[in-house]
Amino acid sequence: MSTENPIILAVDDNPDSLNILNETLSANGYTTLVANSGQQALNILHKATPNLVLLDAMMPGMDGFTTCQNIKQLQPDLPVIFMTGLSETEHIVKGLSAGGVDYLVKPLKHQELLARVKVHLKNARLTNSTKSALDSTGQHMAALNDQGQVIWTTEQAQVFIDSFSSKDKAHLIKWLHSTSTNATLEIAQGNTTLVLTYTDKPYTGAHLIKFKSHNLKLETQTLKLKLKITRREADVMFWVAKGKTDWEIAQILSISERTVNKHLEQIYRKLGVNNRTSATTLAINVLN
């Protein structure tokens, strides 16, 4: 998100209101895009990425609340400030529930409007910086609702989410409703296994998930070379490091439990250890 000449999308069915917003924002260094309906705003968002949206709550056709929900599907992190002449509590709650970050009552006070815009642009920049920092350290995170939809996400976590098949999404939703902290869900995607770890439930209906991608072929090759074991022993050791039992490993690799045990005996001998815990520690260190 650029800190120079931020782009503000103003949405209002009243031409006079749009003109005033455009003049006020432009005079204070903002680039302004205008839309006179919810649908026109969505059309603009398919082509442009503003830094913030000023949205009239009560418009004919698609109202501001529905428009905001659609905006969040297109650009989840885009801050939306509602504008309306209605000051009743239920409309404020409805606007915030739809995904708005703030609420201004008409007639707008320009100094208040500019102050709110400045604050939310700063918050959005800080949020994006935090998400970039998380991605750069391998902490690919997302907050999902009960339907598996994104509340917020880092860029790389969004890439993982976009790769889900309909079957993966159904499995994810079921897992969200039945899991607990530190539980994991593995989603196989060719040679890659995506591991989701349930981190926290910050509030009702929200689930904080950590994503980590494992390239099975690459990681077993790494174990083979670093630990100086055979490829089949590396296959066994990979799943041991993932906490799988001998029976589970036998099922995954289509071999017998007895064969798994024989491989483990050879692995212990080659690594100079005498138990599963010590071997697992060595394998995890190599994979990390």
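Which residue in β4 is the bridge partner of D56? I opened my notebook with this one, and the residue I found is M83. A reminder to myself before going on: the model I am looking at is predicted.

**Entry 1: the parallel sheet**

I started from the strands around that bridge. β3 covers residues 52-56 and β4 covers residues 80-84. I looked up how they pair, and they do so in the parallel sense, over 4 bridges.

Next I followed the sheet outwards. I found an open sheet of 5 strands, and I wrote its order down as β2-β1-β3-β4-β5, with parallel pairing. At the edges I noted β2 (31-35) and β5 (102-105), each of which pairs on one side only. I also looked up the twist: neighbouring strands here are turned by 20° against each other on average, direction ignored.

Then I checked which helices go with this sheet. Helix α1, residues 15-27, lies across β1 (7-11), β2, β3 and β4. I noted an angle of about 170° between α1 and β2. Helix α5, residues 110-136, packs on the sheet too, and I listed β1, β3, β4 and β5 as the strands it touches. The direction of α5 makes about 170° with that of β5.

**Entry 2: the antiparallel sheet**

I moved on to another open sheet of 5 strands, in the order β7-β6-β10-β9-β8, and here the pairing is antiparallel. β7 and β8 stand at its edges with a single partner strand each, so one side of each has no neighbour in the sheet. On average, neighbouring strands are turned by 25° against each other, direction ignored.

I took the pairs one at a time. β8 and β9 (residues 192-200) run antiparallel and are joined by 6 bridges. Looking across from β8, I saw I187 opposite L194 in β9, and A188 opposite T193 in β9. These two strands make a hairpin with 2 residues between them, where G190 takes a positive phi near 65°.

β9 then pairs with β10 in the antiparallel sense, over 8 bridges. I picked out Y198, whose bridge partner in β10 is I209. This hairpin has 5 residues between its strands, and G205 in the turn has a positive phi of about 85°.

**Entry 3: a helix that is covered up**

Is helix α9 mostly enclosed or mostly open? I looked up its residues, 231-241, and 9 of the 11 are buried, so the helix is largely enclosed by the rest of the structure. My list of the buried ones reads E233, A234, D235, V236, M237, F238, W239, V240 and A241.

I wanted to know what does the covering. My list includes β8 (184-189), α8 (216-227), α10 (246-253), α11 (257-271) and α12 (276-287). After α9 comes G243, and I noted its positive phi, near 85°.

From α10 I chose one residue to follow, I249. I249 is buried, with a relative accessible area of 0%. Leaving aside neighbours within four places in sequence, I found I249 in contact with V236, W239, V240, K244, V260 and R276. I also looked up its distance to D235: the two are 14 residues apart in sequence, and 9.0 Å apart in space, C-alpha to C-alpha.

**Entry 4: two pockets**

The largest pocket holds about 860 Å³ of space. I found 31 residues lining it, and the closest to its centre are K72, P76, V150, I151 and W152. α3 (64-74), α5, β6 (140-145) and β7 (150-153) each supply at least two residues of this lining. The largest share, 6 residues, comes from α5, which I had already noted packing on the parallel sheet. By class, I wrote down 14 nonpolar, 13 polar and 4 charged residues.

The second largest pocket holds about 250 Å³. Among the residues that line it I noted T184, E186, H214, A241 and N288. β8, β10 (206-215) and α12 are the elements that give two or more residues to this lining. Which of them gives the most? I found β10, with 3 residues. By class, this lining has 4 nonpolar, 4 polar and 4 charged residues.

How values were computed: Residues are numbered from 1 along each chain as its sequence is written. This is a predicted model: local features need pLDDT of at least 70, side-chain atom pairs count only at pLDDT 80 or more; totals for chains, interfaces and linings use all residues. Side-chain values use heavy atoms; hydrogens and water are left out. Buried means under 20% relative accessible area, exposed over 50%, partly exposed in between (1.4 Å probe, protein chains only). Contact means heavy atoms within 4.5 Å. Two strands pair if DSSP finds at least two bridges between them. Axes are lines fitted to C-alpha atoms, for helices over the stretch in contact, and angles run from 0 to 180 degrees between N-to-C directions. On a 1 Å grid over the protein atoms alone, a cavity is a set of points where a 1.4 Å probe fits but cannot get out, and a pocket is an open set with protein on both sides within 12 Å along at least five of seven lines; lining residues have an atom within 4 Å of a point. Grid points are joined across faces, edges and corners, and a volume is the space filled by probe spheres set on the points. Ala, Val, Leu, Ile, Met, Phe, Trp, Tyr, Cys and Pro count as nonpolar, Asp, Glu, Lys and Arg as charged, and the others, Gly among them, as polar.
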